[in-house]
Each structure stands twice: as C-alpha cells, then as structure tokens.
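This report looks at cysteines, a buried acidic side chain and salt bridges in turn. Please keep the sequence and the coordinates at hand while reading.

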Amino acid sequence: MAAPTERQYCRRLTLLCALLGTLWEVRASQIRYSVPEEREKGYIVGNISKDLGLEPRELAQRGVRIVSRGRTQLFSLNPRSGSLVTAGRIDREELCAQSPRCLVTFKVLVEDRVKLYGIEVEVIDINDNAPKFEAENLEVKISEIAAPGARYPLPEAADADVGVNSLQSYQLSPNHHFSLDVQTGDDGTLNPELVLERALDREEEAIHHLVLTASDGGDPRRSSTVRIQVTVLDTNDNAPVFAQPMYRVKVLENVPPGTLLLTVRASDRDEGANGKVVYKFRKINEKQSPLFHLDEDTGEIFVAKTLDYEDCSSYEMEIQAEDVGALLGRTKVLIMVEDVNDNRPEVTITSLFSPVREDAPPGTVLILFNAHDQDSGKNGQVVCSIQENPSFKLENSGDDYYRLLTAQNLDREMASEYNITVTATDRGTPSLSTEVHVTLYVTDINDNPPTFSQASYSVYLPENNPRGTSIFSVTAHDLDDNENAKITYSLVEDTIQGAPLSSYISINSDTGALYALQSFDYEQFQHLQMQVKAHDNGNPPLNSNVSLNLFLLDQNDNTPKILYPALPTDGSTGVELAPRSAEPGYLVTKVVAVDNDSGQNAWLSYRLLKASEPGLFMVGLHTGEVRTARALVDRDALKQSLVVSVQDHGQPPLSATVTLTIAVADSIPDVLADLGSIKTPDDLEDSDLTLYLVVAVAVVSCVFLAFVLVLLMLRIRRWHASSMLQTTNGRLTGVPPSHFVGVDGVQAFLQTYSQEFSLTADSGKSHLIFPQPNYADMLISQESCEKSEPLGDSVDSRFPIEDTPLVPQAPPNTDWRFSQAQRPGTSGSQNGDETGTWPNNQFDTEMLQAMILASASEAADGSSTLGGGAGTMGLSARYGPQFTLQHVPDYRQNVYIPGSNATLTNAAGKRDGKTPAGGNGNKKKSGKKEKK
C-alpha cells in the first residue's frame, strides 16, 4: 500500500510544478508599469528594452513596435533609450472616468520572433479636479410649520478624481436654524442634508442665506461652494411620494429617438395647488443628460438621442417630485441598454510578409492580423476563415490574433500572386461579417531550366551557301521570371574534320539564330551534328541542350569529269583503231566519266555532238560506248574525229566534251603509211581579202546604222503621238516606260544581231557570210560561264578576226540539234540527216584551210584564236552560236590544200570512183564559187 501512495504523491507534485511553470510563463509575458496622469509628452514610463531582454539599439533591428486595437496610441517607444514613453498628455478622468483603477493594456510585437508581449500601464490619479456643484445658487423652500429635525436634501458635488483626491467632506456656514448632516450611501457617495434645528417663523425671518462647501482630500486640497437661499413658506405639510424607490427598465440600443422608456409617478396627499407635482432630474451625468427627456407634468422619460451599448451599457439617475409647497420626493431610475449586433467585425493587419519566396517551407508566417468586434456576448465573438486554398492555412494565436501560414510549397510558375480574402464573422443573429482582401506576391527562384520545343532539330541547307547565311533559329522557353528567364544560347564545343565547330557555325547568344561561317561543300561532308546549349541567368544558372542535325543539299556545281580517254600529257593525240572489217555495232571505244555531285546531279548521259563522217558512229546514251553504226567502206577516211558530250541532269545541266580520233585501219603500219603522204604547204598566197573585208564591213555597218535610225525615228514618232494623246485625254497616265523603245531597246537589238566572216586564204574571191540574227540565244549566268571549261583547242591562224559577242552564249541543252541553217556545209545549205553533218567536200576544205596552217601535230593543240571570240574560229555565225573550237575535229587528214595535189580523204574517194557522202550539193556550190 505504501508504493501506490508514494506514486500518487509524485504524480500530484509533477502536476503542481507544471501548473506553477505555466502561471510563471504567463506572468512573465505580462509587463506592468504605472504612470501619473497629466504628464508631458515623452515622460518615461519604464525601460521596456530591459524587460524584453534586448539592447536599446535592437528595438528597431528586431522590428519591436506597439500594436493597439483601433484606439488612440497613448504610448510610444524611444529607440535610443529603449524606454516606453508617453505619446501625449493622459487624462485619467477622460480615459477611465470613476473607475477605481485605470489600466491601459496593449501589445508589443517583436516582429522577428513573431511574438507578442502584453503591457499593462496603470494611470495614477492626481488631484487635478475640484469638487463641482451643478449650480452656483440653490433655492430651498421650507414651510414654517416644519418641525425641528426635518431634513432637506442638498445638491451633491461631483469630483472626477478618485480615492483621496475625490470628494471627502461638506461644510455648512454657521446658522442657528440649520445644521448639516452628511449621509454615506451604499455605493460610498456622500449625500448632504440640511437639518432644521429650530422652528421657523416666516414673519420673523422669511429668507435664510447659507453657504455649502465641498472639499476633497488631495494635496493641495481643492473645494467649491454653492449659495443656498432658504425661503420660508406657508403651511404645506405633505411631500410627494413616488410609487417605487427605484425604477428599472431595459432598452435595445437601436431604439429610435422619441421612444418612451418608462413613466415615474409621485402622489401628494395635499389638495389643490399644494398637491400638484412637478418632475425634474435631480442627479444626472452631463453625458447622460442629452440622451433622455423628462416630461415635467407627466413623468414620462423618452429617448432623446440614439443610444450606443458600446459607449455605455447602463444609465442611473435620480428624479425628484416637487409640489407647490416645495415638498420634495425622490426616486432612482436605472436604464439598462441591451446590445444588438450592429457592429461588424474589424480586421487589422499587424504584419504582412509579402512578397514571399516560392521555396518558403510550409508553416511560414505570411500575415499576422487581429479580428475584433465591439459588440458583446455572442455578438462580439469573431470567427475568421479564408477561402478554400490548399496552399494556405489559418491559425488562431490567441487574444483575437490570427496567423496565415503556408500549408505547402509554393510554385510561382503556377501562380505568381494570390488574392486571399479573409472573412471575419461574428456569432450574432443575424451575423455580420467583414472581408479583407490581401494580395500576396511570390518571388521567383531559379528552379526551371530552359526547355526547347523539340527534342531535336533537323535543318536542310543547300551547299555553296554564302558566308553569313542564316541557317536556323532555335528558341527555348524558361518558366521562371526576370533574370532567371533570360536565356543565353551557345554551341557545345566540338570538332569537325579536325577543325572546331565554331569555325563552321556561329550562334547569336540572344536570339538563338545560327549562321554559317563558311560556304559548305556537299562533296566535303553531307551532315553536321551539333549540340545547342541554352542557359539562363539565374543563380545558380540552369541549362539544357538540344541536338541539331544540319543536312547539306547537293547542288549541281561540278561538271562531269572524263576519265577515259584521258588527255595525253606529251602533246600527242590518242588514236583509237577501228578495223575496216568492223560490222555495225562494233565496240570501238568507251567514254568513261564521273560527276562528283550526287543524285540527279550525277546522272550522266552521252551524246555525239559532231562527227567527221555523220552516221558512221553512234554513242550509247547511258553507257558512253562508241560503236559503228554501219559497216566501214573503202571511201571512209582513214582518220575520223568524234566530239562526244557528257552532260549531267542537274539544273542547270553541266557538260563536258571530249574529241575522239579514230583511225580506220586494220593495223598501225597502215595508219603511219597514210599519214606520211600528207604534206604541209610552205607558204600562202596573197589575196585581196582585206579589201573585200573592209568593203563588206562598211556595207553591213551602213545598212545596220540606217536600220537603227529608221527604228529610232519610228519610236520617237510613236512616242510623240502618245504624248499628244495623253495631253488630250489623260488616259495614258501611268504607262510603264518599258512599253516604249529607247536606247535600251536599241542595245538589246544590237546584242541579238551579230556578223561573222569566214575567209579562205587561197580562194580567188573573199567569202562573206551574213547570217540571220538568232533571237533564241540562251543566256547563262556569269557563274556558269566561269565554271565551264573550254571544249576544244584553238588553232593558230594568220588571219585573226575578232568577233566578241555582246551577250554570253549558253551551252547546248540536252536536246540540242543543228538547225537547217546551222548544219555544216557551204552556207549551211547542203542536204544531210537530222543529226547534222560534218563538212567533207572540197569547198568546205578550202573554207577551213585558213584555220589549219600548222603541221598535223600542231593542229591538235593550237592556242591562237581565229575569227570571233575565244574558241569560236569565226564559225559562230556559220554553225550557230553554240559552235566552238571543241566541235572542230582534227582535220589534218580531211583537208584540201590549194596548190597541192594531195587531198587526204577525198583522194581516196576519187581513186575508188566514189563521191563523199553528202557532198553533191556542196560540190555544185563550190564550183560556182570557183568560177566566180
């Protein structure tokens, strides 16, 4: 039994210690001071920094401040001394009226701790108010038949002070008929009464003058007096008597003015005029007097002004009834005001911590506020709430204070600000509420890296791009704000073919635009892979990468390259053998070519452009194989020249040509024997070629000049007529100037009209050719002209004639054919098949002898230019604008040289009694020219 008893004793002792600790903590958090009233501003009440355990300089640093609830601030903090001082003069009577103790309570908030301390200051009364009567003069009427010992109440003096400073005594001036008796009431008030000591005789003395003095107990003592005039009346021996010694009434504070509260009644048993009673307020506070109205005749008490329970909850007053004989009766009236729910709750925000970082932990205090209702009871009980929001919660910290806390982590990217509505509702019927709207801003932290819209990018760029070309633009987005969302772009360092990536590609760090620093070549590489990095300016910065693949698109920028037959490096001419016994379709050789481009740009096709014997050989379109088209005959020349064109399928197409020399013989010795019989003429005969040339040029120039003048006159006349018409009716306003022909039109006409002269050195007459202008010339770009290689070799000539075309000529297209006017032969008029023929008659041989003056070995690699522009040999007008030296075969074996009996190819034909193919028409023309 001893063990349980001891255990119970320990448990009780533990509970007692916990209770004492709680009481000590509560008392420790309550700080009390006292201050006399009527002190000047700045009067030191107490050292609050010491009581809070702080240094004076820490008051401002820790955000220590006074929190009051909507009332005038009576005290303030001195940050230098750390003292609590008065904010102005404090009047205890105004503040606490007649309360025995005047206590002022408020809170001191230490903001960095978010902790409140209760402060209680007692205002000590000083004797600053003297007792005061309501009137300076008082008339008291006493009947002469009044018996000694009769008592008459005198007016009381009011003293606003309390304690010893309040009213302490009354004194009456000496008089033989009257004395003063002071009665102490239940509430401690002093009620002076005039006591009749001796019977009065109106006839002896009708009026008595007395002085009543009221004094307090303060130091120094204060007092006031009232003069009393006692009038002796004739006989009236019954005083009015009230039905109740005290009247009580309850009234709602919201009753309108003019409402009847109650009626007091007093009766007087006297008859006649002595029984008529008049009602008056005898004792009423100055603040209460304007609130109520008393009807002197009926005793009805009305509400004169609106009542307010929050100002005063009860009113007590005395009413006296007096008859004409000055007999008095007294009663008390107690009016109790009942509260109604007429005040909405008041919300005062004490501290607002905004903005708040989005990484604030749950439980962070955002708002500290006070909710108070001036009503009482349930009408003054306040409940606070916020709208449904999982991010926040509301806590009651006691003493009508609430704290708004974070309930979970915030995310600025989802909500950068919160509009929080705090609703304070009382428990009255009907309930009243107040809403306070608070905006909380969330500050950003760098918690989101930049993101790209795609996981990777593929970009296609044609090759040969200009330097500085914009390739692509990547864009990343960052959900953060301000500097945390400012994105900088860069390329991840890498090497491509031994060179850094930054030497190929650059990126704009602000916009993410990618630029090419070089002109890319598809043949060098087709694909570039790189990593683009985007990082923000946060602290620490966040970044992300994206893969970008750059694919180059091939352009037709490489001409076909002929691998076989290769151009000899020793200056000799490669020769292919074709036996005379070869059947049709016999494979003589094969042209092999490649193109460095890809795709369609590398598809090659082979065509036979020119042949010394048209129809003798054919070339495979896709294989490049050179085969015999028919059986060889004896009249076929020993040496055959073929010009084969290799063309790709790009846009525009590019081509290359190769000249094949085919020896028609069964063996090499046969070829050498035939070549040994060829002789080169020693010199050239003089002719009057120059004279004919000058005359021809002059005639053509005159005709052309006349044509141009006529054309200009016609255009000027048409323009003049149009101007006149425009002046007349104004209908031609705005006609583009391109509709009229001016100098530009003439220049375009000059560019499309050209003259070429083909001469033979040994002919008796000069031969001039005036071809029709070709308006279908194709124009090619300067770039294509620069890339195209010369298609053939030029031959030295003793008679160079310049003819530079004004507009560069385009290379032949894929379906190029010689027109009837451009076919080889005399003036391009001989008959032949549609594929074009090569001149093989005597007159055409004379036409070409001026171009072949060197030996047989020099004719293949001659460098001088004869006739028109470079590589044309003056034949562009005869064989079309596309005809160049590459189309001229090695004609050493197919030339007739005047003054010599040797005709290489034609001689063989004559011995065989055969006429060269396609030469009949040309022979006739040649004969006619020789006769001339």
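Is Cys 702 buried or exposed? With a relative accessible area of 54%, Cys 702 is exposed, the cut-off for that class being over 50%. The model under discussion is a predicted one, and the values quoted below are to be read with that in mind.

## Cysteines and the disulfide

The structure contains 1 disulfide, which links Cys 96 to Cys 102 with an S to S distance of 1.9 Å. The torsion about the S-S bond of Cys 96 and Cys 102 is about 60°, and the disulfide is therefore right-handed.

Each partner of this bond can also be placed by its accessibility: Cys 96 is buried, its relative accessible area being 13%, and Cys 102 likewise counts as buried, at 0% relative accessibility. Another cysteine, Cys 384, has a relative accessibility of 11% and so counts as buried, whereas the value of 54% given above places Cys 702 among exposed residues.

## A buried aspartate without a salt bridge

Asp 536 belongs to strand β41, which covers residues 527-536. Although Asp 536 is buried, it has no salt bridge, and the nearest side chain of opposite charge, that of Lys 533, is 10 Å away. For a salt bridge, a side-chain nitrogen of Lys or Arg has to lie within 4 Å of a carboxyl oxygen of Asp or Glu.

What, then, does the side chain of Asp 536 meet in polar contact? It is joined to the side chain of Asn 446 by a polar contact of 3.1 Å, and a polar atom of the Asp 536 side chain lies 3.3 Å from the backbone nitrogen of Gly 538. When neighbours within four places in sequence are left aside, the residues in contact with Asp 536 include Asn 446, Asn 448, Pro 449 and Pro 450, together with Asp 478, Asp 480, Asn 484 and Lys 486. Ile 487, Pro 541 and Leu 542 are also in contact with Asp 536.

## Salt bridges between strands

The structure holds 17 salt bridges, one of which is formed by Glu 193 and Arg 151, with the closest N and O atoms 3.1 Å apart. Because Glu 193 lies in strand β12 (residues 190-196) and Arg 151 in strand β9 (residues 151-153), the pair ties together parts that are 42 residues apart in sequence. Glu 193 counts as buried at 14% relative accessibility, while Arg 151, with a relative accessible area of 43%, is partly exposed.

Arg 282 and Glu 318 form another salt bridge, in which the closest N and O atoms are 2.6 Å apart. Here Arg 282 lies in strand β19 (residues 277-283) and Glu 318 in strand β22 (residues 314-323), so this pair ties together parts that are 36 residues apart in sequence. Both Arg 282 and Glu 318 are buried.

## A partly exposed pair and a network

Arg 403 forms a salt bridge with Glu 395, and the closest N and O atoms of this pair are 3.0 Å apart. Arg 403 is partly exposed, with a relative accessible area of 24%, and Glu 395 is also partly exposed, with a relative accessible area of 28%. Elsewhere, Glu 58, Arg 62 and Asp 112 are joined into one network by salt bridges that share partners.

Terms used. Residues numbered from 1 in each chain as written. Predicted model: local features only at pLDDT ≥ 70, side-chain atom pairs only at ≥ 80, totals over all residues. Heavy atoms only, no water. Disulfide = S-S within 2.5 Å. Buried < 20%, exposed > 50% of the residue type's maximum accessible area, 1.4 Å probe, protein only. Helix = DSSP H or I, 4+ residues; strand = E, 2+ residues; numbered from the N terminus. Lys, Arg positive; Asp, Glu negative; His and termini not counted. Polar contact = N/O pair within 3.5 Å; in protein donor to acceptor, adjacent residues only side chain to side chain. Contact = heavy atoms within 4.5 Å.
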